[in-house]
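User: Hi! Could you walk me through how the inside of this model is put together?

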Amino acid sequence: MKTPHRLNRTKYWTAGKEEHEDIIINTTCQYFKKDREDVLSKSRRCDLIPPRHQITKFLYERTELSTSQVALIMGYKNHSSIYHSIKDVDNLMEIYPDYK
């Protein structure tokens with residue numbers, strides 16, 4: 001299924017079946033012990049940033065979604081936020097090898 005460039009977030013999440021993206025989001029939220037609604041919100045709390053960045057990296061690298069589509073799912077304003085998230089996770093993994 002080819003995903004349209006402009007993804008309607010409400011319609012996308014009410015598709016009826018659990019998508020690969022939902023599994024990534026739910027699993028990461030469980031690992032970090034955070035609520036899905038909190039992680040996907042626009043809150044800037046520092047305890048929500050690591051799971052949000054991990055989800056962003058996983059969605060971009062393990063799905064066929066473009067950066068703009070991942071930004072829309074995550075509630076970011078544009079695709080440059082995706083590159084920033086991925087860079088942050090990569091830097092943390094380089095500094096702390098146990099960070100996965």
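User: Is α5 largely enclosed or open, and how many of its residues are buried?

Analyst: Happy to help! This is a predicted model, where local features need pLDDT of at least 70, side-chain atom pairs count only at pLDDT 80 or more, and totals for chains, interfaces and linings use all residues. Residues are numbered from 1 along each chain as its sequence is written, and side-chain values use heavy atoms, leaving out hydrogens and water. Helices are DSSP runs of H or I with at least four residues, numbered from the N terminus, and buried means under 20% relative accessible area with a 1.4 Å probe, protein chains only. α5 is largely enclosed by the rest of the structure because the buried ones among its 8 residues number 6.

User: Which residues of α5 are those?

Analyst: Helix α5 spans 67–74. Its buried residues are T67, Q69, V70, A71, I73 and M74.

User: Which element gives the largest share of the largest nonpolar core?

Analyst: Such a core is a set of buried Ala, Val, Leu, Ile, Met, Phe, Trp, Tyr and Cys residues joined through side-chain atoms within 4.5 Å. This one has 16 residues, and V70 and M74 are among those touching the most other members. Two or more residues come from each of α2, α4, α5 and α6. The largest share, 4 residues, is from α5.

User: Which residues does I86 contact beyond four places in sequence?

Analyst: I86 sits in helix α6 and counts as buried because its relative accessibility is 10%. Its C-alpha lies 5.2 Å from that of K57, although 29 residues separate the two in sequence. With contact meaning heavy atoms within 4.5 Å, the partners of I86 are K57, Y60 and E61.

Notes: Buried < 20%, exposed > 50% of the residue type's maximum accessible area, 1.4 Å probe, protein only.
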